[in-house]
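Please examine the sequence and the structure shown here. This briefing treats two parts of the model in turn.

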Amino acid sequence: MLSYLTIAKYLNGIRCFKRLWYEENIPETAAPTSLSQQRLFDQRAEVKNHAYHQFPDGLHITTENSEIAVQETENAMRRGERCLFEAAFRLNRTFVRCDIIQKDKNGWRIIEIRASKRVKKEYYLSLALLKHVLDEQNISVSATQLLLLNGECVYPELSNLFVIEDVTDTVSLIQKNVRYDLQSFEMILNREVAPNVLIGKNLCNLPHVCPFKARCWEAVPKNSVFTIPRIRDPEATALAENGIFHLPDLPTDFPLTPTQNIYVNSVLNNKPTINSSAIRQELAKLRYPIHFLDFEADRPAIPMFEGFTPYQEFPFQYSCHVLHPNGELTHHEYLHTNPTDPSLPLAKSLLSHISDRGSVVVYNAIFERGILKQLAESFPEYAPALQSIANRLWDQMVLLRKHYEHPDFCGSRSLKAVLPVLVPQLSYKHLDIQEGADAPAAWNLMLNTNSESEKQTWIKHLQAYCKMDTLAMVEIHSVLLAS
Ligand code: SF4
């Protein structure tokens, strides 16, 4: 049985015909939902619930059954309801639900709720589709609006959590494309085989990795043109359009920056390019005790703690390995395990574990520096000590980026790309959390579970993951010393 074309499928179809076809025909081959993606969905649902409370006269059409939802919507409108949540409408194969529709003197306002502080292009597209469907049913639409998160809202005062953005004019402008889009999508969905769509760096990875990427990228070589560091999307796409995926096929006059050139040569010669003297010079700047530090942080859509705004970041965990001059390695950590603001206890613990001398090695210092700055601003009495840590940050990733290239890094310098090459005996593979993006999701699951044993399991997973990040830096440090 053919499924309906929903808003989500419509947006995916606009991005990629092939993804639309795959979702209809082989949805079982999509990558499973990750912890971080599930957290996104959960946060969206939470934001919607908050928004609904701002419309006390709203009637919620709760049924999941499409036909019944359409019927209930029709009945509610006929009997004079003035505000509906999840109102359902069907137009041929298209089935949509509006977050909120509200009656005013000129017709119905369509209000879409988004867990974002900014308007994005896809929001206009969703509203254009909704308005098209309602127009086709002769339902007068008076305005199309977005309910967005208000960056000025400060917990615990959540009465101003949302701001309304009227986008009626922009939506009207793009609405004319919807009819054509829907016709195209009908044709795509009726095809026996998937349409041909050329893969793309941005297309398949942004804003989130496409769940069908493993399938579409199966034949792409490991060191493809897409792995050239910081290659721009149009350049990579132009190469792919000409059938150039392998680096040996790269035209000799293809413009490369010095960094890109080093990578390409490393791949072509199949050997690493290591600037040992520069690495030695950088390592000589490190002072004992050498701390290897990593934070995990969360940024909830709806602020949870006093003084916080939507999406304001805070650390909830750190791991710190300390390498002493005699070669001894010690480990310290902090994980906040109750639903209170972790900032102060974490800052105090950090200051007890990082001494007032010695280097602090991190991987991608922008993140750690930002966390330390925020903690220093929040707790002025600890600001000098926190600032001292920030002043002693030393970025291992920058050193690798500048002075250590390896074909098996595949153009990346993420810890997950570098570790298996430099320290193959150490791996994230056996861990239940394998990506930094999943850690905040796991932390929230730990906080919200009612089961003590489940809570303890999440605590173990979080501790193991964060500890692995700093141990990885320690081991990479040893490799660099020997290089
Ligand atoms: S991986 Fe890329 S080409 Fe393949 S379906 Fe997804 S977006 Fe389309």
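The points that follow concern one sheet with the helix lying across it, and then one further helix with its surroundings. The model is a predicted one. The sheet is open and built of five strands, while helix H3 comprises residues 35-52.

**The five-strand sheet**

- The strand order is S10-S9-S8-S11-S12, and the pairing is mixed.
- The edges are occupied by strand S10 (329-335) and strand S12 (393-395); each has a single partner strand, so one side of each is left without a neighbour in the sheet.
- On average, and with direction ignored, neighbouring strands of this sheet are turned by 25° against each other.
- Strand S9 (residues 314-323) runs antiparallel to S10, and seven bridges join the two.
- Cys320 stands opposite His332 in S10.

**The helix across the sheet**

- Helix H18 (residues 452-482) lies across strand S8 (290-298), S9, S10 and strand S11 (360-362).
- The direction of H18 makes an angle of about 45° with S9.

**Helix H3 and its surroundings**

- The 18 residues of H3 should span 26 Å at 1.5 Å a residue, which agrees with the 26 Å between its end C-alpha atoms.
- Arg39, Val47 and Ala51 are the buried residues of H3.
- These buried residues cover an arc of only 110° around the axis, and therefore lie on the same side of H3.
- Phe41, Ala45 and Asn49 are exposed, on the face of H3 turned away from its buried side.
- Among the elements covering the buried residues of H3 are strand S4 (107-113), strand S5 (141-149), strand S6 (162-166) and helix H17 (438-448).

How values were computed:
Residues numbered from 1 in each chain as written. Predicted model: local features only at pLDDT ≥ 70, side-chain atom pairs only at ≥ 80, totals over all residues. Pairing = 2+ DSSP bridges. Helix = DSSP H or I, 4+ residues; strand = E, 2+ residues; numbered from the N terminus. Axes fitted to C-alpha atoms, helices over the stretch in contact; angles between N-to-C directions. Contact = placed C-beta atoms within 7 Å. Expected span 1.5 Å × (residues − 1). Buried ≥ 20, exposed ≤ 12 C-beta atoms within 10 Å, placed from the backbone. Arc of directions from axis to C-beta.
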